[in-house]
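Reader: Please walk me through this model. I want to know what lies behind each term.

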Amino acid sequence: MTGKIMKGIGGFYYVYVENAGLYECRAKGIFRNKKMKPNVGDMVDIDVISEEEKTGNLVVIHPRKNQLIRPMVANVDQALVIFAVHEPEPNFQLLNRFLIMMEKQEIPVVICFNKMDLASDAEREQLLLDYENSGCHVLFSSAQEGEGIPELKSLLRGKTTVMAGPSGVGKSSTLNSISEGKQMETGAVSEKIKRGRHTTRHSELIYLGEDTYLMDTPGFSSLYLMDIDKEDLRFYFPEFGAYENQCRFNGCSHIHEPGCAVKEALAEGRISRMRYEDYCYLYEELASARKW
Ligand code: GDP
Ligand code: ZN
């Protein structure tokens, strides 16, 4: 049988097999020799030991599409980042850093601005202008009023998504809304997983429906810019891409060079000032960063 690793803990891997359920599996020695450690998100083949007790052996790990380090999860199709339009006020620097990290790992991002019931039309319009060219899919929701939830559901369908966002923005409320009617299935899965729970926090996938998985990641605590040269930073702002070859100077940093097409686009309102200013700020930060 083929399934997906939902959680790994204390040498056990919890593998969810569509239409069959959750199996508690052990990985046999074969993986140790191959230097391939089973990961949450892996598609695996298992041999069932006991159908009654739902136990099995993990025998094959399918090739990975990709692998995130923080959180540790394989085969991620996209990231969902949730911010509130208000309460708490969005920290755009944090959001932009997150987008850079995802862009670097080539993970597509859906930005969900929740609590849209607290925003004016003008505020909403501004958020759209700031992020519509950032390469992300932008979505507004109100978990409280159920708005935007059907659209969000359809964006998640058939994919494995990591969800992130500061606390208080409505992640739990959103998760509740999208998993409504799924309690039976997800409840059974998490019930079994709970029995193997330790005190430390481990990453865990939630089953939301056919081929649809979500991982709730704890905050942004580990977010910092790794391994980016300031000269490369501009490539992680997709909205600059259209102007890249139009600047007077090759390798223009878009900061103080004359004849810069990005600054021209900025002056004409085709590039978000907020995004551009954050780019300049991060550029300075990387320029003065200690080299490790
Ligand atoms: P989390 O920390 O990200 O999981 O956020 P919660 O889901 O716990 O929500 C934090 C607070 O925001 C709670 O008081 C929710 O009732 C409230 N909240 C969640 N979604 C909305 C929304 O769409 N609109 C408004 N006005 N409040 C919301
Ligand atoms: Zn330029």
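**Gly146 and the shell of ligand 1**

Author: Gly146 sits in the loop between β10 (137-140) and α4 (149-156). Helices (H or I, at least four residues) and strands (E, at least two) are DSSP runs, numbered from the N terminus. This is a predicted model, where local features need pLDDT of at least 70, side-chain atom pairs count only at pLDDT 80 or more, and totals for chains, interfaces and linings use all residues. Residues are numbered from 1 along each chain as its sequence is written, and side-chain values use heavy atoms, with hydrogens and water left out.

Reader: Why is Gly146 called partly exposed?

Author: Its relative accessible area is 37%. Buried means under 20%, exposed over 50%, and partly exposed in between (1.4 Å probe, protein chains only). So Gly146 counts as partly exposed.

Reader: What makes the contact of Asp117 with ligand 1 a polar one?

Author: A side-chain N or O atom of Asp117 is 2.8 Å from a nitrogen atom of ligand 1. A polar contact is a pair of N or O atoms within 3.5 Å. Therefore this pair qualifies. For Ser142, the side chain has an N or O atom 3.1 Å from an oxygen atom of ligand 1.

Reader: Which residues of the shell around ligand 1 count as polar, and how many are there?

Author: The shell divides into 4 nonpolar, 8 polar and 3 charged. Ala, Val, Leu, Ile, Met, Phe, Trp, Tyr, Cys and Pro count as nonpolar, Asp, Glu, Lys and Arg as charged, and the others, Gly among them, as polar.

How values were computed
Chains are lettered from A and ligands numbered from 1 in the order in which they are written. A polar contact is a pair of N or O atoms within 3.5 Å; within protein, one must be able to donate a hydrogen and the other to accept it, and residues adjacent in sequence count only if both atoms are side-chain atoms.
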